[in-house]
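Subject: A structure for you to look at

Hello,

Here is the structure I promised to pass on. Please open it first, and then read my notes below.

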Amino acid sequence: MRDIAVFSGTAHPDLAAEICAHLAVPLHPVRVSRFANDCLEVQLQANCRERDVFLIQPLVPPVQEHLVELLLMTDAARGASAGRITVVLPHYAYARSDKKDAPRISIGGRLVADLLTSAGADRVLAMTLHSPQVHGFFSVPVDHLHALRELAAHFKGYDLGNTVVVSPDLGNAKEAAAFARMLGTPVAAGAKQRYSDDLVKISTVIGDVTDRDVIVLDDEIAKGSTVIELIAHLRERNVRSIRLACTHGLFSSGALERLSAQDGVLEIVCTNTVPIPAEKRVPKLEVLSVAPALAEAMRRIHNGESVSALFG
């Protein structure tokens with residue numbers, strides 16, 4: 001592919017390298033340095049002039065460091081006269097801050113979208129945003145991919161004759177229903193109320209899950225409090241087995257260990273939108289790659305082809 005330049009921040013260079021391998025293009029180096037006053041400086045170490053520049057950086061911990069790094073990369077590309085700048089956000093952490101549900105709180109999802117645009121982003125390529133309205137926070141075009149195809153391809157290898165897909169809450173029920181259609185299974189959902197970041201209550205499970213094999217689908221799993229609360233309700237319904245699936249496997253605060261230790265949980269499946277260190281992984285974890293999907297979307301953006309056709 002000519003006239004394309006791909007750079008990666010420090011958040012997830014392995015994913016960026018895999019994407020570039022699928023595109024058969026080099027991953028250009030980026031120098032990230034820190035001044036004595038703790039400020040970051042970024043230098044893109046390849047020609048950007050009039051080129052189609054892609055900047056790959058999921059917003060993962062430390063989120064603020066990686067966000068500033070991405071903003072500086074974007075600004076550097078604009079200052080280097082890039083023809084077009086596409087920010088590739090495999091995980092947009094601030095997407096969870098998408099509404100004003102308490103007095104005098106910030107809406108980080110919109111603010112960070114504005115920052116990326118102000119820094120010089122012409123386009124954004126995102127994967128499984130936390131809620132659909134986040135798409136509208138951006139004043140530049142957004143190509144919003146999801147990982148349902150990759151997850152469905154994995155689970156189609158099982159006998160699904162007695163399986164039901166369960167969403168932990170009604171907000172994710174639409175995605176769960178689409179996933180269930182791919183697998184040819186029924187769908188159910190938990191009735192959830194969130195009281196704080198790590199305190200949720202599920203009053204009931206809506207749908208028939210008794211004596212079923214269950215696949216729990218969520219967009220991300222962080223501390224795992226929602227999923228553990230749901231598992232307790234599923235056990236009360238005497239489900240036969242439980243498999244967990246998500247796009248973004250954040251797994252903070254020992255979540256992987258707690259989830260894998262839950263009775264009835266056979267498997268935990270996520271994608272590589274965020275890095276999962278080897279020391280955090282457990283035997284029940286299966287990590288699927290979204291690099292082919294992101295690479296194909298980048299190729300289509302570069303060539304002016306339809307990205308929505310990927311979901312056809």
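Before the notes on cavities, one definition will help: a cavity is a set of grid points where a 1.4 Å probe fits but cannot get out, and its lining residues have an atom within 4 Å of a point. Please also keep in mind that this is a predicted model.

With that in hand, where does the second largest cavity lie? Domain 1 (4–145) and domain 2 (148–288) both contribute residues to its lining, so this cavity lies between them. Its volume is about 40 Å³. Among the residues lining it are His91, Tyr92, Thr128, His130, Asp219 and His248. Sorted by class, that lining has three nonpolar, four polar and three charged residues.

The structure holds two cavities of 30 Å³ or more. The largest has about 60 Å³ of space, and its lining is made up of Leu145, His146, Arg149, Glu150, Ala293, Leu310 and Phe311. Four of these count as nonpolar, one as polar and two as charged.

Now for the sheet. Six strands form an open sheet with parallel pairing, in the order β2-β1-β5-β6-β7-β8. At its edges stand β2 (27–28) and β8 (142–145), each with a single partner strand, so one side of each has no neighbour in the sheet. Further in, β5 (residues 52–56) pairs with β6 (residues 84–89) over five bridges; Leu55, for instance, has Val87 in β6 as its bridge partner.

Finally, an unreviewed UniProt entry lists residues 5–120 as "domain: Ribose-phosphate pyrophosphokinase N-terminal". Over residues 5–120, the chain is 34% helix and 23% strand.

Best wishes

Conventions:
Residues numbered from 1 in each chain as written. Predicted model: local features only at pLDDT ≥ 70, side-chain atom pairs only at ≥ 80, totals over all residues. Heavy atoms only, no water. Pairing = 2+ DSSP bridges. Helix = DSSP H or I, 4+ residues; strand = E, 2+ residues; numbered from the N terminus. UniProt positions renumbered as here; feature names shortened; annotations may be inferred. 1 Å grid on protein atoms, 1.4 Å probe; cavity = no way out; pocket = protein on both sides within 12 Å on 5 of 7 lines; lining within 4 Å. Points joined across faces, edges and corners; volume = space filled by probe spheres on them. Nonpolar A, V, L, I, M, F, W, Y, C, P; charged D, E, K, R; others polar. Domains from an automatic or database assignment.
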